[in-house]
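Student: I'd like a close look at one part of this protein, with whatever surrounds it. Could you pick a single stretch and walk me through it slowly?

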Amino acid sequence: MTWHTGRAMALSSSAAPSVPARPLPLVAAPRPRPPRHLADLTTAQRRELAVSLGEPAFRADQVARHYFARYLRAGDAEAMTDLPAASRPVLLDALLPALLTPAKVMTCDAGATHKTLWRAFDGVLIESVLMRYPDRATVCVSSQAGCGMGCPFCATGQGGLTRNLSAAEIVEQVVAAAGAAARGELAGGPARLSNVVFMGMGEPLANYATVVAALRALTAPQPEGLGLSARSVTVSTVGLVPAIRRLTGAGLPVTLAVSLHAPDDELRDSLVPVNRRWPVAEVLAAAWEYAETTGRRVSVEYALIDDVNDQPERADALAGLLAGRLVHVNLIPLNPTRGVSWQASERRREREFVRRLRLRGIATTVRDTRGRDIAAACGQLAADAPTGPDTDRPDRSARADR
Ligand code: SF4
């Protein structure tokens with residue numbers, strides 16, 4: 001889930017933008033399913049599958065090790081020399097089918113940021129962004145193709161939901177990033193992928209069961225899974241309260257990020273239409289339950305849009321909601337997008353917003369924006385990509401970094 005600036009609007013500093021109500025399709029229409037992949041299966045299911053193919057069960061573990069520990073994917077069969085040559089094709093067809101093919105890769109920030117536009121088996125386009133920081137390497141992944149949440153500042157939202165990604169399609173983005181980092185493809189040499197953020201295309205909690213399956217694959221110890229710490233995985237949501245509650249009980253202490261973008265229902269109803277169903281107070285109540293149950297600090301994401309939601313009184317209102325809570329505020333300067341009139345807040349307004357939050361003791365940072373010169377705000381590459389005859393209408397988003 002990201003946030004985008006999909007169309008121009010006439011806004012005043014005090015008035016909420018007038019946005020026509022539109023239905024919120026929370027469920028994707030039925031479509032052909034992505035190929036089954038070992039990342040969709042439990043260890044027991046992988047072994048059963050190997051046996052059903054006439055192979056010993058441990059062959060499934062070998063394939064899983066290649067995938068999760070060596071980051072080998074479809075097309076890397078020659079490197080899996082411990083698999084008998086005769087068994088390799090059948091095992092790999094069943095367990096490691098090709099899921100995502102890079103359609104475009106762009107780099108910027110002196111090689112520290114790589115953005116990949118992926119084409120899925122059915123032509124759907126999604127994006128992931130791999131970013132190296134001094135202390136970590138992070139990949140931002142998509143959980144859906146398109147999005148049904150309809151946020152008016154987000155072109156993805158205007159395009160609607162194409163389909164949910166499978167667990168393996170989500171995991172594949174992470175494994176590909178881990179492989180690229182390990183092979184030294186990012187500036188600075190080989191690195192270990194340490195963090196995953198679900199802030200690419202889509203609303204992760206609208207694809208709840210699949211996202212949880214992906215989280216389990218990402219955090220299971222190698223070679224059963226990728227072995228990432230749940231604490232280094234962040235799941236972002238616009239505030240699907242029942243799903244936040246389910247996640248609270250899932251026993252996965254990932255970091256929860258709530259994209260608030262406004263402290264008041266009047267403005268948030270317009271910026272994040274799902275607020276009409278679950279208003280600010282309900283979203284934050286669910287977030288505090290999450291923090292209390294998991295002991296994890298909640299991240300509140302707040303896109304600073306010039307003269308829309310960055311007024312001093314909104315900073316104070318936000319501070320009033322968050323003071324004394326286990327929370328961190330992440331302010332995100334709008335990543336400017338072609339054809340979009342909304343702008344990032346002026347620096348002095350941004351500084352004042354930060355000052356007012358910190359004055360109330362609220363940990364606040366301003367997000368480092370990456371990849372402005374390669375349209376690295378999630379969705380921009382897909383928006384620019386041509387559609388072929390077998391290609392679904394791409395996600396037309398224009399997101400800001402989150
Ligand atoms: S429409 Fe979807 S992707 Fe866009 S900001 Fe809203 S939740 Fe995020």
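Tutor: Let's start with burial: a residue is buried if 20 or more other C-beta atoms lie within 10 Å of its own, exposed if 12 or fewer, and partly exposed in between, with the C-beta atoms placed from the backbone. Helices (H or I, at least four residues) and strands (E, at least two) are DSSP runs, numbered from the N terminus. One caution: this is a predicted model, so local features need pLDDT of at least 70 and side-chain atom pairs count only at pLDDT 80 or more, while totals for chains, interfaces and linings use all residues. Residues are numbered from 1 along each chain as its sequence is written.

My pick is strand β8, residues 233–237. Five of its five residues are buried, so to speak a mostly covered strand. The cover is on both faces: V233, V235 and T237 are buried on one side, and T234 and S236 on the other.

Now for the neighbours in the sheet. Two strands pair if DSSP finds at least two bridges between them. β8 runs parallel to β7 (residues 195–198), and three bridges join the two; V196, for instance, has V233 as its bridge partner. With β9, β8 pairs over four bridges, again in the parallel sense, and here S236 stands opposite A257.

Helices make the connections. β7, α6 and β8 form a right-handed β-α-β unit, where right-handed says that, with the strands pointing away from the viewer, the path from the first strand over the helix to the second runs clockwise. β8, helix α7 (residues 241–248) and β9 form a right-handed unit too.

The loops on the way in and out have their own quirks. Between α6 (208–219) and β8 sits P223, which is joined to Q222 by a cis peptide bond with omega of about 5 degrees. Past β9 (255–259), in the loop that leads to α8 (265–271), you'll find H261. H261 is not a glycine, yet its phi is positive, about 65 degrees. H261 also counts as buried, with 24 C-beta neighbours inside 10 Å.

Next, the packing. A nonpolar core is a set of buried Ala, Val, Leu, Ile, Met, Phe, Trp, Tyr and Cys residues joined through C-beta atoms within 7 Å. The largest one here has 119 residues, and those with the most contacts inside it are V171, V174, L218, I244 and L256. Helix α5 supplies the largest share of this core, eleven residues. The core also draws at least three residues from each of domain 1 (37–98) and domain 2 (99–384), with domain bounds that come from an automatic or database domain assignment.

Take V174 from that list. Two residues are in contact if their C-beta atoms, placed from the backbone, lie within 7 Å. Leaving aside neighbours within four places in sequence, V174 is in contact with V139, V141, V196, L218 and L226. You've met V196 already, as the β7 residue bridged to V233 in β8.

S143 is another residue to click on, in the loop between β4 (136–140) and β5 (144–146). S143 counts as buried, with 29 C-beta neighbours inside 10 Å. Beyond its neighbours within four places in sequence, its contacts are L165, I170, F198, G202, P204, N207 and V211.

One last stop, at the helices around α5 (167–182). α5 is among the elements that cover the buried residues of α2, as are α1 and α3. Those buried residues of α2 are R59, A60, V63, A64, H66, Y67 and F68. In α3 (residues 88–95), L91, L92, A94 and L95 are buried. They line one face of the helix, because seen down the axis of α3 they fall within an arc of 165 degrees, the arc being that of the directions from the helix axis to the C-beta atoms. Their cover includes α1 (43–52) and α2 (58–68). The loop between α2 and α3 holds Y71, whose phi is positive, near 60 degrees, in a residue other than glycine.

For the wider setting, the protein has twelve helices and twelve strands, and 52% of its 402 residues count as buried.
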